[in-house]
Amino acid sequence: MTDNTPAQGEARFETALPGWQTVSLYQLAHARAGDKGNRSNISVIPYIDDVYPQLVSQLTESVVLDVFRHRGATAVKRYELPRLPALNFVIDNVLEGGVNDGLGLDGHGKALSFLLLESLTIEVPVEFLQALDQHRNRASNHFSS
Amino acid sequence: MNQQVYIGSGAGFAGDRFDAAVPVVATLARCDGPKYLIYEVMGERTLAIAQRLKREDPDAGYSPWLDNYLPGVLADCKQHGIRIVANFGNANPKAAARRVLALADELAIAKLRVAVVEGDNLLDYLSAEDVLEHPCIEGTDTQGRELLSANAYLGARPVAQALALGVDVVLVGRSTDAALVLGPLIHEYGWQEHQYDLLAAGTVAGHLLECGAQVSGGYFADPGMKDVPDLHATGFPIGRIDAEGRLQLSKPDGTGGLISRATVLEQLLYEVHDPHNYLTPDVTLDLAEVEVVETAANTVSVTGACGKPPPDTLKVTLAVDGGWLGEAEISYAGPNALARARLAADVVRKRCTTLGINDPCRIEILGTSTLFDDDGGSRAESLQHDENGEYRLRAAVRTDSKTKAQQLADEVLALFCCGPAGGGGVRQSVSAQVSTASILVQRQRIESHTRAVEITS
């Protein structure tokens, strides 16, 4: 079921409105996963604040649940933090038992933040991409100084 | 005069870099005001194992890492008045305190004083039957399993009480990680139980500091997307907190790593579920209005946490016997490596049937993005992979039988001679497991047993 998601993204790419572009979530935001028992929380933090409304409208609980359904996820609760800005997703039963009961290598589900970033696409106004580039350049200059 | 309290992190998990605190201590030594060094080194599994060790030896059961972390900084901390607050206590804070006193003797540090916080271990004052009557709110089914430990997450008040004894070192067992920071702030500023916004601010400071480098560039770098300078020399964070709870985060000069709005936001939400109701024994925290602002290079201010009354229950982690985990791996490389690894997986599956290993197994091929997959491997089946390259078969079983766990691991070893061509690099492990569950217990049943005591020998 999960593997439909990139295909849906491509389909949306074809129908993107003039002046909008479909972009991988990985290009727009960063994320960190944490665990408690068999439940994961994944924060999604946009690189530029302007993207936040697009994340709110497109990164819905059901879209995120589809990404993790193959691992047995049963429910997703989304928390909005417009002031930061960031979204926080709490995903139930996604850790195949979790760190103490699971059989996989990554019982904490630490890597799942990258599954989320990889699986989804977001439509954004094209001018955001320029702002994103500027942010990247600023950041890399900042680091090298 | 605007007083400031300085709190640095020396470790964020059991096994964190042993020398990370050295530059933190050097920086703290130059700060003007009360200063603290915290170590968060406790895991749920280590606590259960430690309880077992303590039953066998009354001097055991504290953190095995204590002797890795403290010798390099203890003398400097004592000399510069940097007080240490750490959860080296594990199942046995008193024994940890005795070890710190002995260490001070060995290092010729005079007049070092140590206190511990007691009362997190419910089995000291409640029967196992009483504990198990509480319904589990999360985690494994504890029915019919041996109860190894039951420890409550204590809050910051007992830490503050221990500091009020005037000691140099406070050692706790199970407490919230944030209590290592909020405790010193309550002690220094006298924050009261109803001053929820201040307690919330101190909890945010604790939440950001307790994972060490996770706020200062560790666990953040993604080359080309999120670059971090000199990750090999990441400086651990130092918080400067004023009486209003305003936090400024920075790191020692001359260290690598990065403190930015992005690094702080990732850590702010780390392991948080409902950000408007983050429950702790001291305060219910609301992060909705938190503001994170970069004020200088590698310097970020954090303000705006709001607090509400804490719950009237405390969370208690139960550990029960979790059986055995048997694991083994073998690699295949070069032409047709994927098909050979898949054949190896097939062989192991059929041998499990032959041997009657019916327990839950996970047999997977590393290199096919297995971290994202389920135990059944539905994702790997639906994706395309290179036929050639390098793949590693991994087999894992969880079972109550140590023999069966070893049998599965041995089946992977047997692939050396009986499996597909060119398999190499077998590694095996069979390990006892601990499962955990959480219950909620009325706080007065626990807090009536909680106390801070100085240990003298």
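**Exercise 1. A salt bridge between two settings**

Is Arg246(B) buried, exposed or partly exposed, and what is its relative accessibility? Then classify Asp242(B) by its relative accessible area.

*Solution.* This is a predicted model.
- Step 1. Recall the cut-offs: buried is under 20% relative accessible area, exposed is over 50%, and partly exposed lies in between.
- Step 2. Arg246(B) has 45% relative accessibility, so it counts as partly exposed.
- Step 3. Asp242(B) has a relative accessible area of 4%, so it is buried.
- Step 4. Now join the two residues. The side chains of Arg246(B) and Asp242(B) meet in a salt bridge, at 2.8 Å from N to O.
- Step 5. Recall the general idea: side chains of opposite charge can pair when their charged atoms come close.

**Exercise 2. A link between a strand and a helix**

Find the salt bridge partner of Glu118(B) and say which elements the pair links.

*Solution.*
- Step 1. Over all chains, the structure holds 29 salt bridges.
- Step 2. In one of them, the side chain of Glu118(B) meets that of Lys94(B), with 3.2 Å from N to O.
- Step 3. Locate both ends. Glu118(B) is in strand β4 of chain B, residues 114-118, while Lys94(B) is in helix α5 of chain B, residues 93-106.
- Step 4. Note the separation. The two residues are 24 residues apart, and the pair links distant parts of the chain.
- Step 5. Check the setting of Lys94(B). Its relative accessibility is 31%, so Lys94(B) counts as partly exposed.

**Exercise 3. From a pair to a network**

Start at Glu364(B) and Arg362(B). Which residues belong to the network of salt bridges that share partners?

*Solution.*
- Step 1. Glu364(B) and Arg362(B) form a salt bridge, and their closest N and O atoms are 2.7 Å apart.
- Step 2. Classify Glu364(B). At 8% relative accessibility, Glu364(B) is buried.
- Step 3. Classify Arg362(B). At 3% relative accessibility, Arg362(B) is buried.
- Step 4. Follow the shared partners. One network joins Glu327(B), Glu329(B), Arg362(B), Glu364(B), Asp375(B), Arg392(B) and Arg394(B).

**Exercise 4. Where chain B meets chain A**

Describe the interface. How many residues of each chain are in contact, and which residues of chain B lose the most area?

*Solution.*
- Step 1. Count the residues: 60 of chain B are in contact with 45 of chain A.
- Step 2. Take the area. About 4700 Å² is buried between the two chains, and carbon and sulfur atoms give 53% of that.
- Step 3. Pick out the top contributors in chain B. Met225(B), His273(B) and Phe372(B) lose the most area to chain A, together 17% of what that side buries.
- Step 4. Count the salt bridges. Between chain B and chain A there are five.
- Step 5. Name one of them. Glu118(A) pairs with Arg379(B), with the closest N and O atoms 3.2 Å apart.
- Step 6. Add the polar contacts. The interface has 28 residue pairs in polar contact, with both residues at pLDDT 80 or more.
- Step 7. Ask which elements supply the chain B side. Those giving two or more residues include α2 (44-56), β15 (313-334) and β18 (424-442) of chain B.
- Step 8. The largest share, six residues, comes from α10(B).
- Step 9. Sort that side by class. It has 26 nonpolar, twelve polar and 22 charged residues.

**Exercise 5. Two residues in two strands**

Compare the settings of Thr317(B) and Ser431(B).

*Solution.*
- Step 1. Thr317(B) is in strand β15 of chain B.
- Step 2. At 7% relative accessibility, Thr317(B) is buried.
- Step 3. List its contacts beyond four places in sequence. Among them are Glu44(B), Tyr153(B) and Thr436(B).
- Step 4. Turn to Ser431(B), which is in strand β18 of chain B.
- Step 5. Its relative accessible area is 25%, so Ser431(B) is partly exposed.
- Step 6. Beyond four places in sequence, Ser431(B) touches Gly323(B), Trp324(B) and Leu325(B).
- Step 7. The side chains of Ser431(B) and Gln433(B) are joined by a polar contact of 3.0 Å.

**Exercise 6. Chain A in outline**

How many helices and strands does chain A have, and how much of the chain is buried?

*Solution.*
- Step 1. Chain A has seven helices and six strands.
- Step 2. Along the sequence, their order is α-β-α-β-β-α-α-β-β-α-α-β-α.
- Step 3. Of the 145 residues in chain A, 50% are buried.
- Step 4. The accessible surface of chain A is about 6200 Å², and 51% of this belongs to carbon and sulfur atoms.

Terms used:
Residues are numbered from 1 along each chain as its sequence is written. Chains are lettered from A and ligands numbered from 1 in the order in which they are written. This is a predicted model: local features need pLDDT of at least 70, side-chain atom pairs count only at pLDDT 80 or more; totals for chains, interfaces and linings use all residues. Side-chain values use heavy atoms; hydrogens and water are left out. Contact means heavy atoms within 4.5 Å. Buried area is the accessible area (1.4 Å probe) that two parts lose on being put together, summed over both. A salt bridge is a side-chain nitrogen of Lys or Arg within 4 Å of a carboxyl oxygen of Asp or Glu. A polar contact is a pair of N or O atoms within 3.5 Å; within protein, one must be able to donate a hydrogen and the other to accept it, and residues adjacent in sequence count only if both atoms are side-chain atoms. Helices (H or I, at least four residues) and strands (E, at least two) are DSSP runs, numbered from the N terminus. Ala, Val, Leu, Ile, Met, Phe, Trp, Tyr, Cys and Pro count as nonpolar, Asp, Glu, Lys and Arg as charged, and the others, Gly among them, as polar. Buried means under 20% relative accessible area, exposed over 50%, partly exposed in between (1.4 Å probe, protein chains only). Accessible areas come from the Shrake-Rupley method with a 1.4 Å probe; for residues, only the protein chains shown count as cover.
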